[in-house]
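Colleague: Could you take me through one part of this model close up? I'm new to this, so plain words, please.

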Protein chains: 4
Amino acid sequence: MKNNNTEQKSNFKFKVHEIIFEADTKWGRIFDETLIVLIILSVIAVMLDSVKAIRLEYGEALYIIEWAFTILFSIEYLFRLYCVGRPMKYAGSFYGIVDLLAILPTYISLILPGTQLLIIIRILRVLRVFRVFKIVQYIGEIKQLKLALIASRRKITVFLFVVLTIAVVVGSLIYLIEGEENGFTSIPKGIYWSIVTLTTVGYGDISPQTEIGQLLAAMLMIMGYGIIAVPTGIVTVEMGRVKTDKSVSTRSCLECSAEGHEHDAVHCKFCGAKL
Amino acid sequence: MKNNNTEQKSNFKFKVHEIIFEADTKWGRIFDETLIVLIILSVIAVMLDSVKAIRLEYGEALYIIEWAFTILFSIEYLFRLYCVGRPMKYAGSFYGIVDLLAILPTYISLILPGTQLLIIIRILRVLRVFRVFKIVQYIGEIKQLKLALIASRRKITVFLFVVLTIAVVVGSLIYLIEGEENGFTSIPKGIYWSIVTLTTVGYGDISPQTEIGQLLAAMLMIMGYGIIAVPTGIVTVEMGRVKTDKSVSTRSCLECSAEGHEHDAVHCKFCGAKL
Amino acid sequence: MKNNNTEQKSNFKFKVHEIIFEADTKWGRIFDETLIVLIILSVIAVMLDSVKAIRLEYGEALYIIEWAFTILFSIEYLFRLYCVGRPMKYAGSFYGIVDLLAILPTYISLILPGTQLLIIIRILRVLRVFRVFKIVQYIGEIKQLKLALIASRRKITVFLFVVLTIAVVVGSLIYLIEGEENGFTSIPKGIYWSIVTLTTVGYGDISPQTEIGQLLAAMLMIMGYGIIAVPTGIVTVEMGRVKTDKSVSTRSCLECSAEGHEHDAVHCKFCGAKL
Amino acid sequence: MKNNNTEQKSNFKFKVHEIIFEADTKWGRIFDETLIVLIILSVIAVMLDSVKAIRLEYGEALYIIEWAFTILFSIEYLFRLYCVGRPMKYAGSFYGIVDLLAILPTYISLILPGTQLLIIIRILRVLRVFRVFKIVQYIGEIKQLKLALIASRRKITVFLFVVLTIAVVVGSLIYLIEGEENGFTSIPKGIYWSIVTLTTVGYGDISPQTEIGQLLAAMLMIMGYGIIAVPTGIVTVEMGRVKTDKSVSTRSCLECSAEGHEHDAVHCKFCGAKL
């Protein structure tokens, strides 16, 4: 009888695991979708709480809502710990930590009230939304994006190095040209302006006033406008390659050993033999 | 005789349909082009009416022009209802509603004068211009653009999720770093600034004042400058693929009638017969 | 003897034509390069003349320089008229008009002094620089760029239509939301702001102040940030196609009629027969 | 014995060369990585020294640090001169000059104290970081980027010419339209504004105030938003081609030893022999 009980328990554990961690079953999907809605709502609650006018009027309601979300997420966290095979490994994983950080700040605020920093930790629960991408039809897409970005990471590094070097050199130059009286109070400020200009953001909080400064700025802008083509080119080519790799079968013809057949090919397109 | 009358009527209905709904005949094309000019003119009239100086001086003339357009479009709407096979289906379709919204506000303004909201509804008649794309040579192009965007919609969704998550996290961080005294009065404000910066728009209405804030801003800018490569890559690759699909040979196998052979194929890849 | 004279004259005419209109000979190239330097210098002179501080001090010198350039360009223009086969056709062509506009304003300024408009016409002489691209090694490149842009012109038109429609609709919405008190004084102003935001320029001269306005702005920014991918994709694909078209020979194998051989291929890559 | 000494010396020279100039050995890599850290630290020191608040408080410490770096880099420079085969050729090369410029300003500041210009020269030592890219796994990536940029340099030149011409013409137009009272004090200022707008930077320090000016600005923005597609397309296609060149089969013909066959080739395209 005890054995039966254990089996039942293990069966229950398995069911819970299936619902919470997977998205293939009907209830798993419903759980996932509910969770996403709850996460987004809780993040919106944190945001609204930071707006003074709203906090003054609905502060109490938001406090209750925050606790409701915290308790719900705590239950979820405990269930996750319960049903997973190795609880410690889950607790130490990226999502395990994010799950914990989603509930911890509210409890800490009981002991250390008013800590501003807790807000940003609470906001991090937005990262939990990425569980959504477990959903089957997105996995392939994410994998492709990841592969393309991994394949281009070295070229992107080289590119970033070049961009930062330009920003440092031009930022120092503009500091010398414009000087403190035009808002370029130090080299780091100059570099900040360089980056604002090179990336075509252009706040306009600091902008060159002298003719030579504006000439340098114009050259930097055209440079920034042009070199955006480089990361774009890198990523596009890598994405194209990922795509191409997928669209060609790895089969080779038994007769003529020709390769490069499409997935739907039945016969070798070079010698006509059956594949 | 009555029969003849009905036939004549049906024939007339068919002719009207051909002119109003199609663009293959000479008169159909003339009708379309006239309509586009009228739509653009009527939209310009609505725009001008919103400029105070113009409204004060030419308000009356614009009022008459608006009524002229409304009556013209009403007649057109009635003709569309008349000649179409299933009037209710047309009236409920996207363009049917847009056509109705193009005339309704002016009539409503007789009953409820001065409603500002009617302006935006009136402006929606600009959507009618998209009827222009019925014109034959654009259909293929639009189809290709659509296919490319549909094919990339999942990757774009993932991309948007990542961008919004970055905006939320960085927006909360900047709120903590800069605080209310530098214009970052709430997390939503911080997120607004994040998006302004990440998309390289850079109004400069709010901008970081502290050194750490500017460092975070610089990192966000470079990120925004770099990740623009991702949607560009996605769409470019999909567009290239749409193009490639078109470049598949138009030959069909004489044996099995299968299509979609590559240009360099010698044998049918489905049945092995020589092409 | 007279005949000889005519021949000599015709020979001289031919030589002048070769130097002025072509860039294959040594003197033709020297002439072209000198001309480009002169054009750029004369444009810089016009620019400097518009700077008050410089005009006040060096006004007289710039006046003399302007006349020197005008006389030089006049002589060149007369030579072009003289040596070209059909002078009227040249005078009516695009570059013929640009050449005339480069000298006319200075003469007109004798009769109608102080006409501001003459400056912009004078500036148009910058267009003459495009003669530089006659230089052999650029012709192929320009042709490719042109072909790619022509091939994508319809898709770009569709894209511009969509962008303008978004700008009109969002511009009207923001006018309703923000109203005159926040700087959105009319729908055209709202559309101007829309375009400033959608294209990620972001002056910040007008920016939304209300929460709903900022939400709409954020959505518009992300849209603008994303749809830049569309023209990029279009042009990239067309450029890739232009390249590809060039890199494949149009020859077909005499034995197996296979096509798609590279330009340097001597034998058919499918059956091995000599091409 | 003297011979032995010379040999030892030459051997020592070779070892030093291996460590300083190459990155294949363990010590060479350690040296490189240490150097990069030192360079970055020394650049940060120069930056911090330009911040008034920091200079006032830690000025003395930064002065000592600057001398420490200078002495270290001087020793390194001497070692480079010592171990290299042809010291004069190294001293005259790009990196030789950069290495010298990294140490010279500090010595000069002893003779000519307070020269602002020395800062920018000191900052140039950031260029030394590019030695990092000697590291093996980056060489291939840089080569590809370089090849793609070299292949697209002519098209980029044409593109820059077009962009600058648009900037000059629109800059003059806006100067005429807006005039001095709206901040467009001269044509160069107008061109500066054109470039700020066309590259989508959009500082907002100068922005059009009249309706016609804003219309022109809107057109310029859409143009700038659209033509970014051109350099992107150029670079992407060239990058794709560089990639493709790599994907050519590594097989060489057994008969004529020709290389560069496509993956699906059956026969050598040069001599017709079976591959």
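**A close look at R128(B)**

Modeller: Sure, let's start with where to look: R128(B) sits in a loop of chain B, the one between α6 (117-123) and α7 (136-151). Keep in mind as we go that this is a predicted model. Now, is R128(B) buried or exposed? Its relative accessibility is 2%, and buried means under 20%, so R128(B) counts as buried.

What does R128(B) touch, then? If we skip the neighbours within four places in sequence, R128(B) is in contact with L35(B), I39(B), F73(B), E76(B), R80(B), V98(B), D99(B) and A102(B). Pick out D99(B) from that list, since the side chains of R128(B) and D99(B) are joined by a polar contact of 2.7 Å.

Now zoom out to where chain B meets chain D. Here, five residues of chain D are in contact with five residues of chain B. The two chains bury about 220 Å² between them, and carbon and sulfur atoms give 26% of that area. On the chain D side, the residues touching chain B are one nonpolar, three polar and one charged. Across this interface the rule finds zero salt bridges, and it also turns up zero residue pairs in polar contact, counting pairs with both residues at pLDDT 80 or more.

One last stop, over in chain A: the domain assignment there gives domain 1 (2-132) and domain 2 (142-241). The C-alpha centres of these two domains of chain A lie 40 Å apart.

Technical notes: Residues numbered from 1 in each chain as written. Chains lettered and ligands numbered in written order. Predicted model: local features only at pLDDT ≥ 70, side-chain atom pairs only at ≥ 80, totals over all residues. Heavy atoms only, no water. Domains from an automatic or database assignment. Contact = heavy atoms within 4.5 Å. Buried area = accessible area lost by both parts, 1.4 Å probe. Salt bridge = Lys/Arg side-chain N within 4 Å of Asp/Glu carboxyl O. Polar contact = N/O pair within 3.5 Å; in protein donor to acceptor, adjacent residues only side chain to side chain. Nonpolar A, V, L, I, M, F, W, Y, C, P; charged D, E, K, R; others polar. Helix = DSSP H or I, 4+ residues; strand = E, 2+ residues; numbered from the N terminus. Buried < 20%, exposed > 50% of the residue type's maximum accessible area, 1.4 Å probe, protein only.
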